Amino acid sequence: MSKLTETKAWEALWAHFRENSHHHMRDLFAQDEQRFERFSLQVGGILLDYSKNRINQDTMDMLVNLARERGMSQRIAAMFNGEKINFTEKRAVLHVALRNRTNSPILVDGENIMPKVNAVLDRMCAFAHSVRTGDWLGYTGQPITDVVSIGIGGSDLGPQMVYEALKPYAHPRMKMHFVSNVDGSQIAETLKEVHPASTLFVIESKTFTTQETLTNAKTAREWFLASAKDEKAIAKHFVAVSTNRQRVVDFGIDPQNMFEFWDWVGGRFSVWSSIGLPIVLALGRDHFYELLNGAHLMDQHFRNAPLEKNMPVLLGLLGIWYMNFYGGGSHVIAPYDQYLHRFPSYIQQLDMESNGKQVNREGERVDHETAPIIWGETGINGQHAYYQLLHQGTHISPIDLICSIDGRHSMPGHHDILLSNVFAQAQAFMQGKTAEEVRAELVAQGLSGDELEQMIPHRVFDGNRPTNTILVSNLDAHNLGALIALYEHKIFVQGTIWGINSFDQWGVELGKQLAKKIHQQLVDGSEVSEHDSSTRNLIEYYRRFTKA
Ligand code: F6P
């Protein structure tokens, strides 16, 4: 594959950028009444309005040409066909198989993986059903009232985000807790809220080697045994979700209580696998199936729609346009939906762990930017915190405004206020406010002379700031599944354009290795002269207080 920056489409895009980048969206809207119709797209319950971007039809045609030149359709096919596109780990990338609801065969090393996908799904659902109905009893004969999910990264963010997003549908008896931090305060606070006899711990770890998760799991087991006083009781209160059977057994969890998944599921793409067990426990089988169905709908669209009408492809290309041409360095996720409050963190891992890479698939350093910094929180709270910078600061940061037509509550008046803010913000980012408009406004308020002139520059909004509005019919499990899959595929599209492997994460390893060694030195007080002077002194300073 040729270098991205040497492709014909890249060169054409640069020429186009130089000619057009000064255009203001306000003028583009004024010139084209059809702009919304031209630059919006609906897939299932999701409407994407991308008309408030710094694009015209030529921009989109050229971006789609770039996708073609980078072999987008072939790469999409390679993923769905189970090719080992995660080549640094020699693995296929098949989170799409987990929601392959038509059950068409998918082969990995010649084996159709669908029967085992379905078997684990059935086991998960049967187990969750017995817990939810109260048939599954704790060691004293009480039903389960609390589930503590222990995991980190993809083994925490997915189930947590989906549970929070779909909370209105949760089982009234089942309280969910999520523990990820090795800072003991999180598990300490959680254990204060639950009782050993009615708590189920779900230990979630793809590798079952993750220090944070195993430390928390060990603490939970000790806390539990302090009351139960019988190792046999563990079987009723601890289940594991992992790809690593041996480690699960070594930890002391009965493999009967293990829900498996496979190395072709990346951690940050694992919410559809048995890692979703807390979701099934909280919401039940039907909502989980709907989550899978919604994702499958987006998969089918991604696989089959032409590139120019393909929602994940378009979102990915727009991101490339800002990251690589406008020099934008970040991307804001702004859900206007309280239940989606963990969505920005979820997308942060999904995107930054996938595309935060510096070499291409050939192992050469790239000569362009890759993943943006993903950040954000609920949009309405962001408005009163950092939107100032987004409106008048010096950065270009595209924003995804995500909202739904139906609110999931019965509080009168709230939803119209919320949605008016979404539409108004998108409009304000696009059109801004000119000096003339500010002047007229201030004159009408009675200002004049020096006072008026001084005030004007502070009140001007440049506008021309890009947003995508993602308007979902309602945020039920089906549409949430489609929304998550939309972002998964967008990220793959960008990785394909950049020519990187979006599915490994070697960048997390160095810190883990060093922490292991330093942990030993903190505990046993051993020699630290091998370290640089900063690290050595920090260790010694800490030890002076803790070993005194
Ligand atoms: O350290 C990063 C990471 O490997 C993520 O990719 C993963 O989601 C997380 O840690 C948890 O890993 P595991 O599921 O193996 O405990």
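Here are some exercises with worked solutions on a predicted model.

**Exercise 1. Work out whether the protein is as compact as a globular protein of its length.**

Step 1. Start with the secondary structure: the protein has 23 helices and 13 strands.

Step 2. Compare the radius of gyration with the globule rule. The protein gives 26 Å, and the rule gives 24 Å for 548 residues; the two values are close, so the protein is as compact as a globular protein of that length.

Step 3. Add the overall dimensions. Along the principal axes, the C-alpha trace spans about 80 × 60 × 60 Å.

Step 4. Finish with burial and contacts. Of the 548 residues, 43% are buried. Among contacts between residues at least 6 apart in sequence, 76% join residues at least 24 apart.

**Exercise 2. Describe the residues around the ligand.**

Step 1. Find the closest ones. There are 14 residues around the ligand, and those that come nearest are Gly153, Gly154, Ser205, Thr210 and Gly267.

Step 2. Sort the shell by character. It holds 9 polar residues, 3 charged ones and 2 nonpolar ones.

**Exercise 3. Decide where the annotated active-site residues lie with respect to one another.**

Step 1. Collect the annotation. An unreviewed UniProt entry puts the feature "active site" at Glu353, His384 and Lys512.

Step 2. Test whether these positions gather. They span 160 residues in sequence and the farthest two C-alpha atoms are 36.9 Å apart, so they do not all gather at one spot.

Step 3. Look at Glu353. This residue is part of helix H15, which covers residues 343–355. Glu353 has 22 C-beta neighbours inside 10 Å; the threshold for buried is 20 or more, so Glu353 counts as buried. Beyond residues up to four places away in sequence, Glu353 touches Arg268 and Gln505.

Step 4. Look at Lys512. This residue sits in helix H22, residues 509–524. Its count is 11 C-beta neighbours inside 10 Å, and 12 or fewer means exposed, so Lys512 is exposed.

Step 5. Bring in His409 as a partner for a distance to His384. The two are 25 residues apart along the chain, and their C-alpha atoms are separated by 23 Å. His409 belongs to the loop between strand S12 (399–406) and helix H18 (414–431). With 11 other C-beta atoms within 10 Å, His409 is exposed.

**Exercise 4. Check the span of helix H21 against what its number of residues predicts.**

Step 1. Helix H21 runs over residues 477–498, which is 22 residues.

Step 2. At 1.5 Å a residue the span should be 32 Å, and the end C-alpha atoms are 32 Å apart, so the two agree.

Step 3. Consider the surroundings. H21 is mostly covered, with 22 of its 22 residues buried.

Step 4. See what comes next. Gly499 follows H21 and has a positive phi, near 75°.

**Exercise 5. Place His301 and Ala217 in the fold, using their helices and their contacts.**

Step 1. His301 is in helix H13, residues 285–304. It counts as buried because 22 C-beta neighbours lie inside 10 Å.

Step 2. Follow the contacts of His301. Leaving out residues up to four places away in sequence, His301 touches Val43 and Met311. Val43 is 258 residues from His301 along the chain, yet their C-alpha atoms are separated by 7.6 Å.

Step 3. Ala217 is in helix H10, residues 211–228. Its 27 C-beta neighbours inside 10 Å make Ala217 buried.

Step 4. Follow the contacts of Ala217. Not counting neighbours within four places in sequence, Ala217 is in contact with Ile150, Ile203 and Phe251. The C-alpha atoms of Ala217 and Ser149 are separated by 9.5 Å, with the two positions 68 residues apart along the chain.

**Exercise 6. Determine whether Lys90 and Asp109, which have positive phi, are buried or exposed.**

Step 1. Note the backbone angles. Lys90 is not a glycine, but has a positive phi of about 50°. Asp109 is not a glycine either, and its phi is positive at about 50°.

Step 2. Locate both residues. Lys90 is in the loop between helix H5 (72–80) and helix H6 (95–98). Asp109 is in the loop between strand S3 (107–108) and strand S4 (111–112).

Step 3. Use the neighbour counts. Lys90 has 8 C-beta neighbours inside 10 Å and so counts as exposed. Asp109 has 9 inside 10 Å and therefore counts as exposed.

Notes
Residues numbered from 1 in each chain as written. Predicted model: local features only at pLDDT ≥ 70, side-chain atom pairs only at ≥ 80, totals over all residues. Near = placed C-beta within 6 Å. Nonpolar A, V, L, I, M, F, W, Y, C, P; charged D, E, K, R; others polar. UniProt positions renumbered as here; feature names shortened; annotations may be inferred. Helix = DSSP H or I, 4+ residues; strand = E, 2+ residues; numbered from the N terminus. Contact = placed C-beta atoms within 7 Å. Expected span 1.5 Å × (residues − 1). Rg over C-alpha atoms; globule rule 2.2 N^0.38 Å.
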